[in-house]
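Subject: Structure handover

Hello,

Please find the structure below, followed by notes on what was found in it.

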Amino acid sequence: MEQRLANLVPRWDEPLAVSGVPYGYIHTPDDSIPGLFPLGDQAAVIPSFAGDGIAIALHTASLATRVHASGGDSKTYQRMAYKDLTPPVRNAELLASVLAHRLGRKAAFICARQWPVLLRTMILRTRVGHH
Ligand SMILES: Cc1cc2nc3c(=O)[nH]c(=O)nc-3n(C[C@H](O)[C@H](O)[C@H](O)COP(=O)(O)OP(=O)(O)OC[C@H]3O[C@@H](n4cnc5c(N)ncnc54)[C@H](O)[C@@H]3O)c2cc1C
């Protein structure tokens, strides 16, 4: 491996990394700016393991379009988005905090083996539009 890497030229001075992702952020309707429809990560940032960030982007885009097309304002959209996004994001945060600990992971695996239906239920509870 060392030999193979020896002749390679780094493309960047430092490794590229993603950091400071605001997991658990949910844009509240109280912060609403008239005429502004925050979509995707600007509406909510779900913990990565849930894998639902793209679905949130599509869901909020679709919701904002429907509200706007039917004459609704951005506050109406933000209230609806907040209602849809809060349960999956909060559930994913809770699961992430359990799975971050060795004992939590162990307990989760035991429960998933014992009651497989729990796995499906928990996954669905981290999905926008499935709670
Ligand atoms: C490493 C990583 C892995 C991920 N894996 C998954 C996954 O497996 N499944 C999943 O569902 N989600 C995943 N996500 C989350 C998902 O990528 C995001 O939730 C989703 O892309 C959010 O969509 P968005 O349109 O809000 O933002 P983005 O996709 O980030 O799009 C925003 C765009 O706006 C552009 N932009 C920003 N500022 C400006 C400006 N001032 N002017 C013009 N353009 C601007 C940016 O360049 C970007 O192209 C992952 C995220 C990361 C970081």
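Ile-46 touches Tyr-23, Asp-52, Gly-53, Ile-56, Pro-88, Val-89, Ala-92 and Thr-126, leaving out residues up to four places away in sequence; contact here means heavy atoms within 4.5 Å. The residue sits in the loop between H1 and H2, where helices (H or I, at least four residues) are DSSP runs numbered from the N terminus. Ile-46 counts as buried because its relative accessible area is 6%; buried means under 20%, exposed over 50%, and partly exposed in between, with a 1.4 Å probe and protein chains only. Its C-alpha atom is separated by 5.7 Å from that of Gly-24, although the two are 22 residues apart along the chain.

A word on the source. This is a predicted model, in which local features need pLDDT of at least 70 and side-chain atom pairs count only at pLDDT 80 or more, while totals for chains, interfaces and linings use all residues. Residues are numbered from 1 along each chain as its sequence is written, and side-chain values use heavy atoms, with hydrogens and water left out.

On confidence: pLDDT is the predictor's confidence in each residue, from 0 to 100. The protein chain has a mean pLDDT of 93, and 98% of its residues reach 70 or more. Among the elements of the chain, helix H1 (residues 2–6) has the lowest mean, 89, and H2 the highest, 97.

Thr-126 is one of the residues that Ile-46 touches. Thr-126 lies in the segment after H5 and is buried, because its relative accessible area is 3%. Apart from neighbours within four places in sequence, Thr-126 is in contact with Ile-46, Ala-50, Asp-52, Pro-88, Asn-91, Ala-92 and Leu-95. Its side chain also makes a polar contact of 3.1 Å with the side chain of Arg-127. A polar contact is a pair of N or O atoms within 3.5 Å; within protein, one must be able to donate a hydrogen and the other to accept it, and residues adjacent in sequence count only if both atoms are side-chain atoms.

Helix H3 (residues 74–99) has 26 residues and reaches 36 Å from its first C-alpha to its last, close to the 38 Å expected at 1.5 Å a residue; the expected span is 1.5 Å times one less than the number of residues. H3 bends by about 35° at Leu-85, and Pro-87 follows within four residues. The bend is the angle between axes fitted to the seven residues ending at a residue and the seven starting there. The buried residues of H3 include Leu-85, Pro-88, Val-89, Ala-92 and Leu-95. They pack against helix H2 (53–69) and helix H5 (116–124).

Two other residues of the loop between H1 and H2 are worth listing: Phe-37 and Tyr-25. Phe-37 is in contact with Ala-64, His-68, Gly-72, Asp-73, Ser-74 and Tyr-77, again leaving aside neighbours within four places. Phe-37 and Ala-64 are 27 residues apart in sequence and 6.6 Å apart in space, C-alpha to C-alpha. Tyr-25 is partly exposed, because its relative accessibility is 32%. Beyond four places in sequence, Tyr-25 touches Asp-41, Gln-42, Ala-43, Ala-44 and Val-45, and its side chain is joined to that of His-27 by a polar contact of 3.1 Å.

Last, the ligand. The residues around it (a heavy atom within 4 Å) are Leu-39, Gly-40, Asp-41, Gly-51, Asp-52, Gly-53, Ile-54 and Ala-57. An oxygen atom of the ligand is 3.1 Å from a polar backbone atom of Gly-51. For Gly-53, a backbone N or O atom lies 3.2 Å from a ligand oxygen, and for Ile-54 the distance from a polar backbone atom to a ligand oxygen is 2.9 Å.

Regards
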